[in-house]
Amino acid sequence: MVLGAAVTGGCWLAVSLADGDASPAGEAFGTRGTLTLADSSFSLLAEGEDCTGLDGYSDIQRGAQVNVTGADGTLVATGELEGGKKTALGCEFPFAIEGIPQGSKFYTVEVSHRGGLTQTEDELLSGGLAFTLGND
């Protein structure tokens with residue numbers, strides 16, 4: 001009987017500790033958005049291939065870092081640009097960022113070194129962030 005209680009207690013403790021190490025649902029969230037380069041600021045190598053930034057926009061390409069900072073300026077999450085595709089507006093680069101911790105008064109999202117777009121948590125949760133760069 002004592003052995004059974006010890007095994008049950010040990011299992012309960014292991015499950016409790018495992019749950020304590022896992023992030024409870026709702027502690028972190030993700031967002032999505034796009035960065036669009038205007039027509040004269042990008043290059044399309046061939047039909048169907050990724051477009052990339054030119055000249056002063058050469059940092060805008062697949063893999064460019066997207067940073068999220070909290071209200072205190074601390075980096076809280078990162079993502080990266082996906083491949084750019086030509087659209088009617090220019091070259092559009094989608095991105096997704098996961099693991100953003102809840103609870104900051106506001107967040108700033110910055111692509112490469114291009115300055116940030118400040119958003120509330122609700123705005124990030126709704127997704128649809130949109131940056132535009134380049135000459136029209």
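**Group meeting: strands, aromatic pairs and two loops**

Let me begin with a strand pairing: β5 and strand β7, the latter covering residues 90–101, pair in the antiparallel sense over three bridges. Within that part of the structure, E80 stands opposite A96 in β7. Please keep in mind throughout that what you have in front of you is a predicted model.

Strand β5, which spans residues 75–81, also pairs with β4, where the two strands run antiparallel and are joined by five bridges. If you would like a place to find that pairing on the screen, take T69, whose bridge partner in β5 is L75. The hairpin of β4 and β5 has four residues between the strands, and among the residues of this hairpin G73 takes a positive phi near 85 degrees.

Let me now step back to the chain as a whole. The chain holds two helices and 10 strands, and read from the N terminus the order of the elements is α-β-β-β-β-β-β-β-β-β-α-β. Of its 136 residues, 32% count as buried, and the surface that the chain exposes comes to about 8000 Å², with carbon and sulfur atoms supplying 56% of that area. If we consider the contacts in the chain with a separation of 6 or more, 58% of them are between residues 24 or more positions apart.

How far does the confidence of the predictor reach, in terms of the mean pLDDT and the share of residues at 70 or more? The mean pLDDT of the chain is 80, and 75% of the residues reach 70 or more. Over residues 1–25, however, the pLDDT is below 50, and beyond near neighbours in sequence this stretch has zero contacts in the model. Where pLDDT is low, the predicted coordinates should not be read in detail, and I will accordingly leave that stretch aside.

I turn next to the aromatic residues, where a search of the whole structure finds two pairs. The pair of F29 and Y107 is edge-to-face, with 5.9 Å from centre to centre and 85 degrees between the planes. Because F29 lies in strand β1, residues 28–37, and Y107 in strand β8, this pair ties together parts that are 78 residues apart in sequence. Are these two rings on buried or exposed residues? F29 counts as buried, at 7% relative accessibility, and Y107 is buried as well, with a relative accessible area of 1%.

The other pair is made by F95 and F131, and this one is tilted, with 6.2 Å from centre to centre and 55 degrees between the planes. Here too the pair links distant parts of the chain, since F95 is in strand β7 and F131 in strand β10, residues 129–133, at a separation of 36 residues. F95 has 0% relative accessibility and therefore counts as buried, while F131, at 12%, also counts as buried.

Both F95 and F131 appear again when we look around V109, which lies in strand β8, residues 107–111. V109 is at 0% relative accessibility, so it counts as buried. Which residues does V109 touch, once its neighbours within four places in sequence are left aside? They are V66, N67, V68, F95, I97, G115, G116, L117, L124, L129 and F131. The C-alpha atom of V109 is also 6.7 Å from that of T69, although the two residues are 40 apart along the chain.

Finally, I would like to show you two loops, beginning with the one between β3, residues 51–53, and β4, residues 65–70, where D59 lies. Outside its neighbours within four places in sequence, D59 is in contact with A64, S112, H113 and R114. The side chain of D59 makes a polar contact with the side chain of S112, at 2.5 Å. S112 itself belongs to the loop between β8 and β9, residues 116–119, and with a relative accessible area of 21%, against a cut-off for buried of under 20%, S112 is partly exposed.

Most residues other than glycine have a negative phi. Against that background, phi of S112 is a positive value near 55 degrees, and D55, which is not a glycine either, has a positive phi of about 50 degrees. D55 is placed in the loop between β3 and β4, and D55 is exposed, with a relative accessible area of 71%.

Conventions
Residues numbered from 1 in each chain as written. Heavy atoms only, no water. Polar contact = N/O pair within 3.5 Å; in protein donor to acceptor, adjacent residues only side chain to side chain. Contact = heavy atoms within 4.5 Å. Pairing = 2+ DSSP bridges. Buried < 20%, exposed > 50% of the residue type's maximum accessible area, 1.4 Å probe, protein only. Areas by Shrake-Rupley, 256 points an atom, 1.4 Å probe, with all protein chains shown as cover. pLDDT = per-residue confidence, 0-100. Phe/Tyr/Trp six-rings, centres within 6.5 Å; stacked < 30°, edge-to-face > 60°.
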